[in-house]
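Me: Let us go through the empty spaces and the ligand, one question at a time. Please keep the replies brisk.

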Amino acid sequence: MALVGMNMALTGNRDVLDWIDMMAAMTRPAQVVWIDGSESQLKALRTQAVASGELEKLNEEKLPGCYLHRTAPNDVARVEDRTFICCPREEDAGPTNNWMDPDVMYAKLRKLYDGAMQGLTMYVIPYSMGVVGSPFAKYGIELTDSIYVVLNMSIMTRIGQDVMDALGNSDDYVRGLHATAKLDPENRYIVHFPQDDTIMSVNSAYGGNVLLGKKCFALRIASCQGRDEGWMAEHMLILGIENPKGEVFYLAAAFPSACGKTNLAMLIPPEHYKKAGWKVWCVGDDIAWIRVGQDGRLWAMNPEYGFFGVAPGTNVKSNPNALESTRKNTIFTNVAHNLDDNTVWWEGLDKNPPKHAVDWKGNPWDGTVSTEKGAHPNSRFTAPAKNCPCISPEFENPTGVPLSAIVFGGRRAKTAPLVYQSRDWAHGVFVGSAMASETTAAAAGAVGVVRRDPMAMLPFCGYNMGRYWQHWLDMGEKVSKPPLIFNVNWFRTDADGKFIWPGFGENLRVLEWIMKRCEHAVDAVETPIGYLPHPEDIVLEGSGVDTDTLKELLTVDPALWREDAAGVRAFYQKFGDTLPDTLKQELAGLEDRLQ
Ligand code: GTP
Ligand code: SPV
Ligand code: MN
């Protein structure tokens, strides 16, 4: 191998070194560079990326340490149709995942990686999901030819020498290989080999396709590890709600991509609540690893170190904490570039789009007249979690926080009420399995189409979803004090298609009811779908919502629900024998109650 340069390996771990040699022999980079996590090395990489045009340095006064990056216009979101789970038996990937025989896929990929890094540098990024050295952390190594990936991973995960030291000579780490290649959408592959703890990504340079610690490891591979080791990897935010007495209550919530996790995780209480002393603490905004605690409760920790958040719609009113998190040391991807003051702009940031700007495609853009969007709908910010003004004091607690509630939710224009509580754990698992939501710009494909997205994990579960539901049922059996399970819907619309519920900070009103239910402090109305609030138990003061509107938000239309149950029945059919009997019974129970 003709390597023109290589810095010192960060480890003597034979397994790691051999694997890197193999990957380098295949991709043939000009040099291999280990990422040690030092600020000096990251600084040099930023300088290099600015010199090459890969990054643009933004206004140092207004946005210190911030950079802008644009990806190829055909490479702006996750690609679910090109994402594969390659385990030996197709049945183990299940009916909701793309599958290919591992040997066939490895052979196909070998051709795509062959010489893909010629003339380039292969960066070796050791990273940890979770606090380095803690019993709940898991390690990964990502090989990539992209400085953008290195810099994003340095924000999104804990990286560097400490990780290799903690790994020692173990072979228990997730191997990730990313090659930008020619960004050819026809040969773009995001592939997972759970039996080998291996992820291979090629021909993309965007977010969830290439930051392999995130969806690929922390959800798809980790869900398989959790199944085998008795824990759960979930697409959930984690937040703490502090009441005026100073008691903090934690919940985790699973909403599909671009359905409000980051927003809910950082919400600012409405004025009336703030004055009374309520606070919200963000533990995580996208991924939760959940384990059984010795106290018989479920405990959730956030394995990430930063936020990869949706930019459009983020503003001082909707999510001031997210906005504040992006004011330093942040990488912006595919937003508009305001040339007047070298800052960034996106739809929904404010009502003053820049006149002299460059749009997400790199074209000159006058926001005062253009009918085109300045930022891509899935444009994102990569911000350090520690920038967040409401980051929880428990953020770095390796064991995480005890969950009182689990909340499911999605975008439903009609069927789902503002909030309801499941009857018990098994019914709650049913509610999660029956989730449906309108698709968003976070994945390539049509937007606004209702699809089943169980537990918001449809694109992220690394194995057969029928067995995943069984795993959920089993986890409930392992804890004496399981969290209560709820469902919310911030997205009900009126006859004109407008959102009825104000959402964002006002969602705390619903969380307060959830919290009261967990404390057995309020009763509820039993309905065919579960327990709904008495309208008077949701505080409306200062919300601009009147009681009649709230009542409308809490209606359950049996005809719509019978239709929905039929949809669940059809969806369940795909799972054959792997569908747990308990869920069949739950569905039958719902159908009965709806008659
Ligand atoms: P991923 O990062 O893709 O997993 O998305 P996410 O679930 O974190 O979604 P995020 O919080 O970034 O919100 C996505 C979009 O939903 C943004 O455009 C928000 O403005 C919008 N949104 C979030 N919360 C609410 C809400 O309560 N009501 C309404 N109407 N819109 C909301
Ligand atoms: C999502 O789509 O759920 C995201 C963004 O959080 S990505 O990292 O691209 O998956
Ligand atoms: Mn997400």
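Reply: One definition before the questions: a polar contact is a pair of N or O atoms within 3.5 Å; within protein, one must be able to donate a hydrogen and the other to accept it, and residues adjacent in sequence count only if both atoms are side-chain atoms. This is a predicted model, in which local features need pLDDT of at least 70, side-chain atom pairs count only at pLDDT 80 or more, and totals for chains, interfaces and linings use all residues. Residues are numbered from 1 along each chain as its sequence is written, chains are lettered from A and ligands numbered from 1 in the order in which they are written, and side-chain values use heavy atoms, with hydrogens and water left out.

Me: How far is an oxygen atom of ligand 1 from a polar backbone atom of Ala258?
Reply: Ala258 is among the closest residues to ligand 1. Thr262 also makes a backbone contact, with an N or O atom 2.8 Å from a ligand oxygen. Asn507 uses a polar side-chain atom, 3.0 Å from an oxygen of ligand 1. For the polar backbone atom of Ala258, the distance to a ligand oxygen is 2.7 Å.

Me: What percentage of ligand 1 does the protein bury?
Reply: Areas come from the Shrake-Rupley method with a 1.4 Å probe; for residues, only the protein chains shown count as cover. Ligand 1 taken alone exposes 660 Å². The part buried by the protein is 91%.

Me: Which element supplies the largest share of the shell around ligand 1?
Reply: The shell has 21 residues (a heavy atom within 4 Å of the ligand). Helices (H or I, at least four residues) and strands (E, at least two) are DSSP runs, numbered from the N terminus. H9 and S19 each supply at least two shell residues. The largest share, three residues, comes from H9.

Me: Which space does ligand 1 take?
Reply: On a 1 Å grid over the protein atoms alone, a cavity is a set of points where a 1.4 Å probe fits but cannot get out, and a pocket is an open set with protein on both sides within 12 Å along at least five of seven lines; lining residues have an atom within 4 Å of a point. A molecule sits in one if more than half of its atoms lie within 2 Å of its grid points. Ligand 1 takes the largest pocket.

Me: What is the volume of the largest pocket?
Reply: Grid points are joined across faces, edges and corners, and a volume is the space filled by probe spheres set on the points. H9 gives the most to this pocket's lining, with four residues. The volume of the largest pocket is about 1,000 Å³.

Me: Which residues lie nearest the centre of the second largest pocket?
Reply: This pocket holds about 410 Å³ of space. Helix H2 (39-52), helix H5 (147-156) and strand S9 (158-159) each supply at least two lining residues. Of the 20 residues in the lining, those nearest the centre are Arg46, Ser154, Ile155, Asn329 and Pro384.

Me: Which element gives the largest share of the lining of the largest cavity?
Reply: There are three cavities of 30 Å³ or more. The largest has a volume of about 200 Å³. Tyr420, Val431, Ala434, Asn487 and Trp561 are the closest to its centre, of 19 lining residues. The largest share of that lining, four residues, comes from H16.
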